[in-house]
Amino acid sequence: MPRLDDHCWSCSCAQGARHRGLPGAGAGGLAAKVGDMLSPATLAARRGPDPDSAPARGPRSPGAGGRGAGGGPPGSWHHHLVQRSLVLFSVGVVLALVLNLLQVQRNVTLFPEEVIATIFSSAWWVPPCCGTAAAVVGLLYPCIDSHLGEPHKFKREWASVMRCVAVFVGINHASAKLDFANNVQLSLTLAALSLGLWWTFDRSRSGLGLGITIAFLATLITQLLVYNGVYQYTSPDFLYIRSWLPCIFFSGGVTVGNIGRQLAMGVPEKPHSD
């Protein structure tokens, strides 16, 4: 039978050994935890992201928050579109009245007496038709530039646009006033002036392509109108019209296109559905 003092001695030794082992293990674990807490990665995670190194936010999508790329409400784009259309329509009406007056006074264009209006001796349907055409062309130019990804930035100021209008009026005036031996010489002269107008105030591929397209379509419509007896030209040398008329249409398209581009500057883009 073991003695009591031996039992007590052995128990105290074992417990002492256990108590001596536990503090050592706890100290090691505590040191590891302190080391992890003081590591650079942990400190950086506790501080959070650095505001200086945070990535810059990209531009908001056009459809975010119901606003367009210009930052305006969705209705602002339609409001600007109506305003530009009215301005272009008014410009087309004024140019039609003034320029058609030169053609009528020089007996280049002949209208039936029953359709002649008292204002500027022009047929009643000429101003609204020219105004509508000017609105369509003026809105089409910046739209084509946007779709092609080639914004027009050449001489984008109103002074240049006004000079372009003055040159266009001068070309139209020359077609009625200048006297050449034949219409071919006049046509070549006006063609050179029209290309010079495009080179001076436009110089864009889209402007050249649209000008040629407008000249072709307008010439075709004019041929049909004259063929059906709506009005007529004196001394026609290009089927039913004058051979220099496409030059007038080309320079007119470039001029109205420049006005439309200038009006479109600073206008918010059309909001997208996505």
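This passage describes the nonpolar core, the cysteines and the annotated membrane spans of a predicted model. Residues are numbered from 1 along each chain as its sequence is written, and side-chain values use heavy atoms, with hydrogens and water left out. Local features need pLDDT of at least 70 and side-chain atom pairs count only at pLDDT 80 or more, while totals for chains, interfaces and linings use all residues.

The largest nonpolar core (buried Ala, Val, Leu, Ile, Met, Phe, Trp, Tyr and Cys residues joined through side-chain atoms within 4.5 Å) holds 41 residues. Those that touch the most other members are Phe-111, Leu-190, Leu-197, Tyr-233 and Trp-244. Two or more residues each are given by helix 3 (74–105), helix 4 (126–148), helix 5 (158–177), helix 6 (183–201), helix 7 (205–227) and helix 8 (245–264). Helix 8 supplies the largest share of this core, eight residues. Helices here are DSSP runs of H or I with at least four residues, and strands are E runs of at least two, numbered from the N terminus.

Turning to the cysteines, a search of the whole structure finds zero disulfides, a disulfide being a pair of cysteine sulfur atoms within 2.5 Å. For Cys-130, the nearest cysteine sulfur is that of Cys-129, 6.8 Å away.

The unreviewed UniProt entry lists "transmembrane region" for residues 86–104, 124–144, 180–201, 208–227 and 239–260; such annotations may be inferred rather than shown by experiment. Residues 124–144 are 90% helix and 0% strand, with end C-alpha atoms 32 Å apart. For residues 239–260, the chain is 73% helix and 0% strand, and the end C-alpha atoms lie 32 Å apart.

Methods. Buried means under 20% relative accessible area, exposed over 50%, partly exposed in between (1.4 Å probe, protein chains only).
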